[in-house]
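Let's take a walk through this one, starting inside one chain and then heading over to where the two chains meet.

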Protein chains: 2
Amino acid sequence: MISADKVDGKLFLEESKRLVDGLLDKYLPPESADPVRIHEAMRYSVLAGGKRVRPIIADASYRYCCGNESQKEETIYKAMTAIELVHTYSLIHDDLPCMDDDNLRRGILTCHKKFGEAVAVLAGDALHDVAFSLMAQTNSPIAVVELAQAIGTSGMIGGQIADIESEGKVLTEDEIISIHNRKTGALIRCSVRIGAILAGATELELKKLTEFGEKIGLAFQIVDDLLDIQGDQELLGKETGSDSKKQKATYPGVTGKKEAREIANKLINEAISLLDNKEDNMLNFLAEYIGQREN
Amino acid sequence: MISADKVDGKLFLEESKRLVDGLLDKYLPPESADPVRIHEAMRYSVLAGGKRVRPIIADASYRYCCGNESQKEETIYKAMTAIELVHTYSLIHDDLPCMDDDNLRRGILTCHKKFGEAVAVLAGDALHDVAFSLMAQTNSPIAVVELAQAIGTSGMIGGQIADIESEGKVLTEDEIISIHNRKTGALIRCSVRIGAILAGATELELKKLTEFGEKIGLAFQIVDDLLDIQGDQELLGKETGSDSKKQKATYPGVTGKKEAREIANKLINEAISLLDNKEDNMLNFLAEYIGQREN
């Protein structure tokens, strides 16, 4: 197991977050352009902050697979933006009153609380469109299909409806894993894969990274469940205890907190063991970060 | 002006509708697959009928531009399906209580009335994804960008929010045209363009067909407004008089019915005059059909 250099890793995270924020600002339509209200809502939700974990993972995967540095603007940067826009669209729709009915997201009012439901639905839809337009601009139809499948009914949407339908029910560990893999895991796995695909990874690299993505994706959601129980509301920017309030099925709810933490650690270690010892290996750091994060 | 052969045209419409219905059935996930409820809702809304005008236009445009007959399965058929799925997704979201709050669509209950709001939002989102996946499978990133732009904030979504925001207001003719061009026109224009792009049309052909698409797109919505005033509810499959009930801005509302009809006819004639006299010219027939349709 490679031990990531913590200082470099932290710097990488900060720089990457700044990079992603810059890309999002660059590719989102300006607020001054018509329809102003929708553009305001899109920018409000996207630029409210967030860890930008998914695009940072995609970038790290691209670097890990030795993607061409001089082509980043036309390929991975657009893909990274697309992935974060898709993530935000899904949050906006998931927060709607007919779904999770949340008031706070990233420390501020949710989109529909701030702009009304009609604007929130349309802002989510519009982010969905900008995302696919950007992904297509990488000139890789495979990356577009990859994204569409990760967030469709066999991925994210399937996980979201299963999550809603499981409220108040007692689930098995396998059922929870199935929901988590789709609701959160699919987009994280897709981020790793798209970075690799755009870098021109070999079949073997892609296979290993897919497994890596699945493991960190599941670990990410287990840690999310743990943070909802014992996290710092201010650090998280959203209400804690909401899973329990909504009778959501969670991993620690089935296994207990201690075992959930152990499983998360195990998944992270297994993920890291799939990586080669490369010089530019921020994937290693990101896996550790996902296991240990506090927000 | 070319006079379309009515018999051939009618046969073409019927055969094309059957073709589109078959493609939709083929490319939609089966109801038996998990998540069943979302797949049911997707199929319910997409297969409820509908004129399939947009994909039929795309097909006619592909044929008009002499697109390769042997490549239709991998190109235009997927694009046609994508376009109809996007159209249905937009109807599902537009019908939501927070938007137009409609109960009937294509003669049956709207998606949220039948399946609930959460499922309707997610079914719309999922159709959006399948559409982009299919469009990417044509292997034309340009077609994906074209679709995303047509239905984004500078197109369909821009028109939908302008339409909602204009409720109860008195608009000028130019303002109505601007809403209609975006809300309905953009996707029809895009259907013509994508058919031409996938067929490998020349720049000049594409330019002329773009203008053709703009004209029939605006005419389509003006006729829609007229049908809402004086159409047959049973033929239409939705409640008539709903524009007036919701104080929607409509073209005949500004110009009067007689002038609206005249403008629609003028647009259709202008559109047809842009076409060359080709043997396979169902675009001509479709333009006439759009001007004269009763549902």
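Is helix H15 of chain B mostly covered or mostly exposed? Keep in mind that we're looking at a predicted model. Helix H15, which spans residues 282-292 of chain B, turns out to be mostly covered, with 10 of its 11 residues buried. If you want to pick them out, the buried residues of H15(B) are Met282(B), Leu283(B), Asn284(B), Phe285(B), Leu286(B), Ala287(B), Glu288(B), Tyr289(B), Ile290(B) and Gly291(B).

Now for the interface. Here 38 residues of chain B are in contact with 38 residues of chain A. On the chain B side, four helices each supply at least two residues: H2 (36-46), H6 (117-136), H7 (141-151) and H8 (156-165). Helix H6(B) gives the most to this side, putting in 12 residues. As for chemistry, the residues of chain B that touch chain A split into 22 nonpolar, 11 polar and 5 charged.

So how do the two chains sit relative to each other? A turn of 180° with a shift of 0.0 Å along the axis lays chain B on chain A, and the RMSD is 0.0 Å. The two copies are therefore related as by a two-fold rotation axis. Both copies use the same surface for the contact, since 100% of the contact residues of chain B recur in chain A. To find the axis by eye, look for Pro141(B): of the residues of chain B, this proline comes closest to the rotation axis, with its C-alpha at 3.1 Å.

Definitions and conventions
Residues numbered from 1 in each chain as written. Chains lettered and ligands numbered in written order. Predicted model: local features only at pLDDT ≥ 70, side-chain atom pairs only at ≥ 80, totals over all residues. Contact = placed C-beta atoms within 7 Å. Nonpolar A, V, L, I, M, F, W, Y, C, P; charged D, E, K, R; others polar. Least-squares fit on C-alpha atoms with pLDDT ≥ 70 in both. Buried ≥ 20, exposed ≤ 12 C-beta atoms within 10 Å, placed from the backbone.
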